Amino acid sequence: MAAETPKNHDRKFSIEMSDLESAETAQVVDHIKRAQDVPLVREVGVETRNYGALLTLMWLSLGGIAGGLLAWLSWQIMPSDLDSFASNLLAAFTIGAFVAFAIIMTDALQSGTFSKVGKALLIGLPSAIVISLIMGLIANAIYGAMVESLYERLVNQGLSPNQDAFWTAFANQNHLNRGLAWMLIGLGAGLAVGISSLAWKRILVAGAGGLVGGFLGGFLFDFFTGEAAAQVVGLIVTGLAVGVGIGLMEQATKTSWLEIVQGGMAGKQFILFKPQITLGSSPAADVTLIKDPAIPGVAARISRRGSSVTITSLEPQNPISVNGQAAQTIRLEEGAVIGLGATRVRYRERGKNQVTAGVRR
């Protein structure tokens, strides 16, 4: 009878210390450690950082700078034979109108659609002209009264307008007067920016930001020396202050917003100022998601009722997805990732814990 063949589990292996200390073993251990560093589950379309707020602030700042430069250019072609009232009124009007117009245009250009730029121009330009004229009249009257009061106060203190000390004291004390007057000019510019978006909340927020920026610009204006340099630098600083003021106020007061985390518009941010907003690839949508042909013209609507926020598909044949779940209507929570075509949009809400469960693979 033939001898039985040993089974596999009866085989014995011998491992010596030299085997464990070999280069081949060290290489295998290194590969295992590297494999452990790779996450087995990760979210799709979610960035660790989002610069949407910074980009929005940059656009508003650039708009303010451009508006200040346009105001300075308009000052260079003003008639030189105007009386003080007409000259001050025209100066105040040009600051408010040009700063508001430039911010409205740069803000609209972020959408990337000409129709939205045209809509902003159609609404924003008349608003900027009318509000800036009204605020210019009020600011001019207030500034004139404050300057006259300051003049009389210095005279009563024994200073003479023929003395350099008089004008030195006048310049030092007039910063506040100009700041308070230009505060109204900035307020008008901010109101015009808000009106162009047709959102009451943004009108109030942008107006408050413009008010702060206008005060800073007016207060700093007289610190720049040299007539031509002081004007151009002072007006650019004023425009910048208004743009930054509006941007910072919007970021500080925002309660809910959208971040584009994947797709052709990744990195952009849209603050939700209205209780209802629409999303889609068409300029008719409140949030236009360009560069994605897979998204319908008006694909979905986000609605807020009290503390509840929902998103509803407006295309029955194209249900939306939220955190990987397809539905016609679904409630949104902080951090939820909305899928529209190849674009991923994250819903954000201040003061809420972010939902970590999401679209995973």
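This passage describes the helices, buried residues and side-chain contacts of a single protein chain. The structure is a predicted model, and every value below was computed from it.

The overall make-up of the chain is a good place to begin. Eight helices and 11 strands are assigned. Of the 361 residues, 42% count as buried. The accessible surface of the chain comes to about 19,600 Å², and carbon and sulfur atoms supply 62% of that area. Among contacts with a separation of 6 or more, 59% join residues that are 24 or more positions apart.

Helix α3 offers a first close view. This helix covers residues 52-76, and its end C-alpha atoms are 37 Å apart, which agrees with the 36 Å that its 25 residues should span at 1.5 Å a residue. Its buried residues include several glycines, among them Gly 52, Gly 63, Gly 64, Gly 67 and Gly 68. Trp 72 and Trp 75 also belong to the buried set of α3, as do Thr 56, Leu 60, Ser 61 and Ser 74. Since residues three or four places apart in an α-helix point the same way, with 3.6 residues a turn, the spacing of such a list is worth following on the model.

Ala 71, another residue of α3, has a relative accessibility of 1% and therefore counts as buried, the cut-off being under 20%. Leaving aside its neighbours within four places in sequence, Ala 71 is in contact with Thr 94, Ile 95, Phe 98 and Leu 235. A further link across the sequence appears in the backbone: the C-alpha atoms of Ala 71 and Gly 239 are separated by 9.1 Å, although these positions lie 168 residues apart along the chain count.

The contact between Ala 71 and Ile 95 leads on to helix α4 (residues 84-109), where Ile 95 is found. Ile 95 is likewise buried, at 4% relative accessibility. Its C-alpha atom is 6.7 Å from that of Gly 68, a residue 27 positions away along the chain. Beyond residues up to four places away in sequence, Ile 95 touches Ala 71, Trp 75, Trp 182, Ile 185, Leu 235 and Thr 238. Leu 235 is thus a contact of Ile 95 and of Ala 71.

Helix α5 comes next. It runs over residues 114-156, and its 43 residues reach 59 Å from the first C-alpha to the last, close to the 63 Å expected at 1.5 Å a residue. The helix carries a kink of about 30° at Gly 124, shortly before the proline Pro 126. Just after α5, Gly 158 takes a positive phi of about 95°.

Aromatic side chains add to the picture, with eight aromatic pairs in the structure. In one of them, the ring centres of Phe 166 and Trp 167 are 4.9 Å apart and the planes stand at 80°, so the arrangement is edge-to-face. The two partners differ in their exposure: Phe 166 is buried at 0% relative accessibility, whereas Trp 167 is partly exposed at 42%. Both belong to one aromatic cluster that also holds Tyr 151 and Phe 170.

Arg 178 sits in helix α6 (residues 164-196). Despite its charged side chain being of the polar kind, its setting is plain from the numbers: Arg 178 has a relative accessible area of 16% and counts as buried. Its side chain makes a polar contact of 3.3 Å with the side chain of Tyr 143. Apart from residues up to four places away in sequence, Arg 178 touches Tyr 143, Gly 218, Phe 221 and Asp 222.

Gly 218 and Phe 221 are both among the buried residues of helix α7. This helix spans residues 200-221, and its 22 residues reach 31 Å between the first and last C-alpha atoms, close to the 32 Å expected at 1.5 Å a residue. Further buried positions in α7 include Gly 207, Gly 209, Gly 210, Gly 213, Gly 214 and Gly 217, and Arg 202, Ile 203, Val 205 and Ala 206 are buried too.

A final site lies outside the helices, at Glu 334 in the loop between β9 (329-331) and β10 (337-340). Glu 334 is buried, with a relative accessible area of 3%. Its side chain makes a polar contact with the side chain of Arg 348 at 2.7 Å, and also reaches the backbone nitrogen of Glu 349 at 2.5 Å.

How values were computed:
Residues numbered from 1 in each chain as written. Predicted model: local features only at pLDDT ≥ 70, side-chain atom pairs only at ≥ 80, totals over all residues. Heavy atoms only, no water. Helix = DSSP H or I, 4+ residues; strand = E, 2+ residues; numbered from the N terminus. Buried < 20%, exposed > 50% of the residue type's maximum accessible area, 1.4 Å probe, protein only. Contact = heavy atoms within 4.5 Å. Areas by Shrake-Rupley, 256 points an atom, 1.4 Å probe, with all protein chains shown as cover. Polar contact = N/O pair within 3.5 Å; in protein donor to acceptor, adjacent residues only side chain to side chain. Expected span 1.5 Å × (residues − 1). Bend = angle between axes of the 7 residues up to and from the residue. Phe/Tyr/Trp six-rings, centres within 6.5 Å; stacked < 30°, edge-to-face > 60°.
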